[in-house]
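This report describes a single protein chain. The sequence and the three-dimensional structure are shown first.

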Amino acid sequence: MSHAQKIVFFIGRVVVGACFFFGGLGKILSWSYCLEYLGKTAIGQWNTSLLASLLTVSIVIEIAGGLAIFLGMWTRTSAIILLILVFLVAIFLQPYWSLSSESLVVGYFLFLVDIIACCALLFIAALGGGLLSFDEKRK
């Protein structure tokens, strides 16, 4: 990989990590809205305490995984864990194929955002921490 490619990957890794980190913080700040949203999804009939537990787990994964990717620390493992989370969210919380016609477009784009995030996480999992990462310093 050329130096320019390493710099571009570094920027991408930092941005992806920051997006997940701040996404997790946003869920903390809008806890009741997120819980209400979960109640309206396919898993909404589940017990409220179970939904709250799932939300808590997803927040911890997003904040810890996002920070780890941002710093380039345990990058591959963090990317794979986040990839699994995002894929499950895409399938169970963004099933655009089951939406009515008036919400189909928004649901489709939310699903695509999750798939794009999965692709970015796949790149990060494949390439590791890269430039200016704790993973690189441990080698």
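The sections below treat the annotated segments, the backbone, the cysteines, the salt bridges and a surface patch of this predicted model.

## Annotated transmembrane regions

An unreviewed UniProt entry assigns the feature "transmembrane region" to residues 7-30, 50-72, 79-97 and 109-134. Such annotations may be inferred rather than shown by experiment.

Two of these segments can be described from the coordinates. Residues 7-30 are 96% helix and 0% strand, and the C-alpha atoms at the ends of this span are 34 Å apart. For residues 109-134 the helix content is 77%, again with 0% strand. The end C-alpha atoms of residues 109-134 also lie 34 Å apart.

## Positive phi angles in loops

Trp74 is not a glycine, yet its phi is positive, at about 50 degrees. This residue belongs to the loop that joins helix 3 (48-71) to helix 4 (75-93). Trp74 has a relative accessible area of 51% and is therefore classed as exposed, the cut-off being over 50%.

Leu132 is likewise a residue other than glycine with a positive phi, in this case near 55 degrees. Its position is in the loop between helix 5 (101-127) and helix 6 (134-138). With a relative accessibility of 57%, Leu132 counts as exposed.

## Cysteines

A search of the whole structure returns zero disulfides. For Cys34, the closest cysteine sulfur is that of Cys19, and no bond is possible because the two sulfur atoms are 16 Å apart. A disulfide would require them to be within 2.5 Å. Cys34 is buried, at 14% relative accessibility.

Cys118 is in no disulfide either, and its nearest cysteine sulfur, in Cys119, is 6.9 Å away. The relative accessible area of Cys118 is 7%, so this residue is classed as buried.

## Salt bridges

Side chains of opposite charge can pair when their charged atoms come close. The model contains two salt bridges. In one of them, Glu62 pairs with Lys27, and the closest N and O atoms are 3.0 Å apart. This contact links distant parts of the chain: Glu62 is in helix 3 and Lys27 is in helix 1 (residues 3-29), with their positions 35 residues apart in numbering. Glu62 is buried, with a relative accessible area of 9%, whereas Lys27 is partly exposed at 23%.

The other salt bridge is formed by Glu36 and Lys40, whose closest N and O atoms are 3.3 Å apart. Here Glu36 is partly exposed, at 45% relative accessibility, and Lys40 is exposed, at 64%.

## Nonpolar surface patch

Which residues form a nonpolar patch on the surface? The patch consists of Ile80, Ile84, Phe87, Leu88 and Phe92, and their accessible area together is about 480 Å².

Ile80, one of these residues, is located in helix 4. Its relative accessibility is 43%, so Ile80 counts as partly exposed. That value meets the requirement for patch membership of over 30% relative accessible area.

How values were computed: Residues numbered from 1 in each chain as written. Predicted model: local features only at pLDDT ≥ 70, side-chain atom pairs only at ≥ 80, totals over all residues. Heavy atoms only, no water. Helix = DSSP H or I, 4+ residues; strand = E, 2+ residues; numbered from the N terminus. Buried < 20%, exposed > 50% of the residue type's maximum accessible area, 1.4 Å probe, protein only. Patch = residues over 30% accessible without salt bridge, like charges linked within 9 Å, V, L, I, M, F, W, Y side chains within 5 Å. Areas by Shrake-Rupley, 256 points an atom, 1.4 Å probe, with all protein chains shown as cover. Salt bridge = Lys/Arg side-chain N within 4 Å of Asp/Glu carboxyl O.
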